[in-house]
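Reader: Please take a close look at one helix of this model and the residues that surround it, and then work outward from there to the rest of the chain.

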Amino acid sequence: MPDHPDAYYNLSLVLTKQGYTSEVKDNLEKVLEIQPEHEKAHNSLGCLLQLEGDFEQAMHHYKEDLKTNEKNTGSWHNLGVIFVNKGNYDIAKLHFDKVLEEQSDHVEALNNMGSMYLLQKKPKE
């Protein structure tokens, strides 16, 4: 296969649908070797790592994604979820607020914000 990042990225999408997790990770890492600022690869790798429980590396990839696409609600949202899981509710709220600035009807962010308030047992201000 030629060293074209989108070819590897597209292959990772196909492999995801087929459930080949380690191959997906390999292809996403290859994308980032060729094009370190490939935002979709950072976001996808962040999602995969988050599902595997590697929150620190997932956060790294979401932050890298946001360096090139600061309006990516997916990365903002996923960072918020990680911060909720870590109990850092104030930081999580900042991330969910960023999502809602871009997309006020983002259902997952609204739902997770509500869940976060229930975890804190504090009503939304």
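**Helix α5 and its surroundings**

Author: Ile82 has its place in helix α5, where helices (H or I, at least four residues) and strands (E, at least two) are DSSP runs numbered from the N terminus. The structure is a predicted model, in which local features need pLDDT of at least 70 and side-chain atom pairs count only at pLDDT 80 or more, while totals for chains, interfaces and linings use all residues. Residues are numbered from 1 along each chain as its sequence is written, and side-chain values use heavy atoms, with hydrogens and water left out.

With a relative accessibility of 1%, Ile82 counts as buried; the term buried stands for under 20% relative accessible area, exposed for over 50%, and partly exposed for what lies in between (1.4 Å probe, protein chains only). Setting aside residues up to four places away in sequence, Ile82 touches Gln50, Phe55, Ala58, Met59 and Tyr62, a contact being heavy atoms within 4.5 Å. Ile82 is also 9.8 Å from Gly53 in space, C-alpha to C-alpha, although the two are 29 residues apart in sequence.

Two further residues of α5 extend this picture. Ser75, which is likewise found in helix α5, counts as buried at 0% relative accessibility, and, with residues up to four places away in sequence not counted, Ser75 touches Asn43, Tyr62, Asp65 and Leu66. Tyr62 therefore appears among the contacts of Ile82 and among those of Ser75, if one takes contact as heavy atoms within the distance already given. Thr73 is found in α5 too and is buried, with a relative accessible area of 16%; its contacts, again without residues up to four places away in sequence, are Val99, Glu102, Gln103 and His106.

Helix α4 supplies several of the residues just named. The buried residues of α4 are Ala58, Met59, His61, Tyr62, Asp65 and Leu66, and, seen down the axis of α4, they fall within an arc of 165°, so that they line one face of the helix; the arc is that of the directions from the helix axis to the C-beta atoms. These buried residues pack against α2 (21–34), α3 (39–51) and α5 (73–85), whereas the face of α4 turned away from its buried side carries the exposed residues Glu56 and Lys67. The 14 residues of α4 (residues 55–68) should span 20 Å at 1.5 Å a residue, and the end C-alpha atoms are 21 Å apart, which agrees; the expected span is 1.5 Å times one less than the number of residues.

Helix α5 also takes part in covering helix α7, for what covers the buried residues of α7 includes α5 and α6 (89–102). In α7 the buried residues are Ala109, Met113, Met116 and Tyr117, and, viewed down the helix axis, they fall within an arc of 100°, so they line one face of α7. On the face turned away from this buried side, α7 carries the exposed residues Val107, Leu118 and Leu119. The 14 residues of α7 (residues 107–120) should span 20 Å at 1.5 Å a residue, and the end C-alpha atoms are 20 Å apart, which agrees. Just after α7, Lys121 takes a positive phi of about 55°.

Farther out from α5, helix α2 meets helix α1 (residues 5–18): their axes come within 8 Å and cross at roughly 165°, with axes taken as lines fitted to C-alpha atoms, for helices over the stretch in contact, and angles running from 0 to 180 degrees between N-to-C directions. The two helices are therefore roughly antiparallel to each other, since angles under 35 degrees count as roughly parallel, over 145 as roughly antiparallel, 65 to 115 as roughly perpendicular and the rest as oblique. The contact is made by Pro5, Tyr8, Tyr9, Leu11, Ser12, Leu15 and Thr16 of α1 and by Glu23, Val24, Asn27, Leu28, Lys30, Val31 and Ile34 of α2. Ile34, which lies in α2, is partly exposed at 30% relative accessibility and, leaving aside neighbours within four places in sequence, is in contact with Asp3, His4, Pro5 and Tyr8.

As for the whole chain, it has 7 helices and 0 strands, and its C-alpha trace spans about 55 × 25 × 25 Å along the principal axes. Buried residues make up 37% of its 125 residues.
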